Amino acid sequence: MSKKLFLLPGDGIGPEIMAEVKAIIDWMNSAGLAKFETDEGLVGGAAYDAHQVSISEGDMEKAMAADAILFGAVGGPKWDKVPYEHRPEAGLLRLRKDLDLFANLRPAICYPALADASSLKREVVEGLDILIVRELTGGTYFGTPKEIVTLENGDKRAVDTQVYTTPEIERIARVAFELAKTRRNHVFSSEKHNVMRSGVLWKEVVTRVHAEEYADVQLTHILADNCAMQLVRNPKQFDVIVTDNLFGDILSDAAAMLTGSLGMLPSASLGAEDAKTGSRKALYEPVHGSAPDITGKGVANPIAMIGSLAMALRYSFGMIEEANKLEAAIAKVLADGLRTGDIAAKGEATVGTKDMGAAVLKAFQ
Ligand code: NAI
Ligand code: MG
């Protein structure tokens with residue numbers, strides 16, 4: 001049966017890097033490796049220009065019906081003044097919310113060929129392969145009350161509220177344990193139970209889910225501040241790190257800098273498993289934004305977007321072998337010395353988006 005892929009290239013370099021992913025999908029279809037049915041929509045500034053909203057209802061319906069969504073990037077100076085509710089990012093937030101994409105997966109992989117571009121020494125990061133599993137729809141960013149109130153004496157008081165319920169922690173813990181089973185079988189659960197009630201519940205629930213369902217996976221509890229320190233001190237000790245929305249935001253950005261470049265980092269956002277079909281909603285996107293400074297120049301690095309397709313193959317379509325092959329193709333092209341501007345050392349020759357995309361496709365073939 002064919003699988004529905006919904007493409008939302010978005011703004012800036014989004015369409016440029018998505019073109020390279022489309023070429024890979026087309027080849028997979030023509031070679032009989034897959035039967036992907038693709039459709040394309042507008043999101044962000046592109047949707048605003050066409051429909052005066054950040055994503056149209058028609059495209060939302062297609063997104064809901066798709067087996068997986070590939071998302072480029074949104075935003076740019078052109079849309080800085082559009083009404084707040086229609087700003088480009090609103091389209092992405094709506095997708096995350098309506099599809100209930102609660103599990104954000106951010107791998108941090110350091111390719112040996114790029115180890116010198118890391119913020120850390122080569123020996124500390126070479127061969128690094130971490131997966132951060134961040135809870136994406138709860139916690140401090142969504143908890144209420146969330147307000148700034150002016151006090152009687154004229155001072156202001158700002159409140160954000162960290163809220164987690166048992167089912168929210170259970171479902172993200174299960175995602176982390178399941179993923180660990182396909183990797184090095186070790187989950188680090190990161191919170192601050194020493195100072196936060198939500199941390200106490202987090203640790204308690206993760207411990208119970210582990211004992212009841214995943215006793216064969218190794219579990220280590222680690223305080224979030226220590227986790228940040230260890231990521232910089234000895235990152236290769238980690239396999240899967242599961243954490244809340246706020247700590248995950250910070251830890252995943254820190255981990256990103258261990259790998260060399262923003263143009264290299266893919267991500268996945270997964271929804272709940274459908275009890276009947278076992279399938280889940282999912283959106284795959286590069287970590288980087290729309291890069292207005294290089295838009296239209298044909299120099300954007302397509303690897304984060306291509307890596308996002310590899311994650312879709314692995315997590316939405318169970319095509320593990322193809323996902324591994326596509327990632328190996330990326331590693332090979334880098335080992336061969338091909339560089340886009342963002343990952344080139346000073347004075348090193350560079351290639352553009354199309355040449356990099358074509359080289360990865362050729363290595364994949
Ligand atoms: P950015 O990630 O777009 O760019 C930061 C720097 O990294 C720029 O110098 C850019 O040229 C470079 N860069 C990013 N991706 C690259 C790639 N694939 N190849 C080569 N170089 C690359 O972040 P910035 O500049 O803070 O934001 C630009 C716009 O993107 C803003 O409108 C922002 O709101 C939006 N944005 C959108 C995101 C999304 O769609 N999920 C995420 C982050 C930012
Ligand atoms: Mg962040």
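**Exercise 1. State the helix and strand content over residues 4–360, and how far apart the end C-alpha atoms are.**

Solution. Over residues 4–360 the chain is 39% helix and 20% strand. The end C-alpha atoms of this stretch are 23 Å apart. Helices (H or I, at least four residues) and strands (E, at least two) are DSSP runs, numbered from the N terminus. The range comes from an unreviewed UniProt entry, which annotates residues 4–360 as "domain: Isopropylmalate dehydrogenase-like". UniProt positions are in the numbering used here, feature names are shortened, and annotations may be inferred rather than shown by experiment.

The model is predicted: local features need pLDDT of at least 70, side-chain atom pairs count only at pLDDT 80 or more, and totals for chains, interfaces and linings use all residues. Residues are numbered from 1 along each chain as its sequence is written, while chains are lettered from A and ligands numbered from 1 in the order in which they are written.

**Exercise 2. Describe which residues surround ligand 1, and sort the shell by class.**

Solution. Start with the count: 20 residues surround ligand 1 (C-beta atom, placed from the backbone, within 6 Å of it). The closest are Gly75, Gly263, His288, Gly289 and Asn301. Next, sort them: 10 are nonpolar, seven polar and three charged. Here Ala, Val, Leu, Ile, Met, Phe, Trp, Tyr, Cys and Pro count as nonpolar, Asp, Glu, Lys and Arg as charged, and the others, Gly among them, as polar.

**Exercise 3. Place aspartate 11 in the fold, decide whether it is buried or exposed, and list its contacts.**

Solution. Aspartate 11 sits in the loop between strand E1 (3–10) and H1. It has 28 other C-beta atoms within 10 Å, so it is buried. The cut-offs: buried means 20 or more other C-beta atoms within 10 Å of a residue's own, exposed 12 or fewer, partly exposed in between, with C-beta atoms placed from the backbone. Now set aside neighbours within four places in sequence. Aspartate 11 then contacts Gly44, Gly45, Ala46, Ala73, Val74, Gly75, Gly76, Pro88 and Ser290. Contact requires C-beta atoms, placed from the backbone, within 7 Å. Threonine 295 is 284 residues away in sequence, yet its C-alpha lies 9.0 Å from that of aspartate 11.

**Exercise 4. Check the span of helix H11 and find its buried side.**

Solution. H11 covers residues 320–335. Its 16 residues should span 22 Å, because each adds 1.5 Å (the expected span is 1.5 Å times one less than the number of residues). The end C-alpha atoms are 22 Å apart, which agrees. Leu326, Glu327, Ala329, Ile330, Val333 and Leu334 are buried. They lie on the same side of H11, because they cover an arc of only 145° around the axis (directions from the helix axis to the C-beta atoms). Ile320 and Glu321, on the other side, are exposed. Cover for the buried residues includes helix H10 (303–315) and helix H12 (353–364).

**Exercise 5. Identify the unusual backbone geometry at proline 145, asparagine 185 and alanine 291.**

Solution. Most residues other than glycine have a negative phi, and most peptide bonds are trans.

- Threonine 144 and proline 145 are joined by a cis peptide bond, with omega about 0°. Proline 145 is in the loop between strand E5 (129–135) and strand E6 (147–150).
- Asparagine 185 has a positive phi, near 65°. It is partly exposed, with 14 C-beta neighbours inside 10 Å.
- Alanine 291 has a positive phi, near 45°. It is buried, with 24 C-beta neighbours inside 10 Å.

Note on methods: Contact = placed C-beta atoms within 7 Å.
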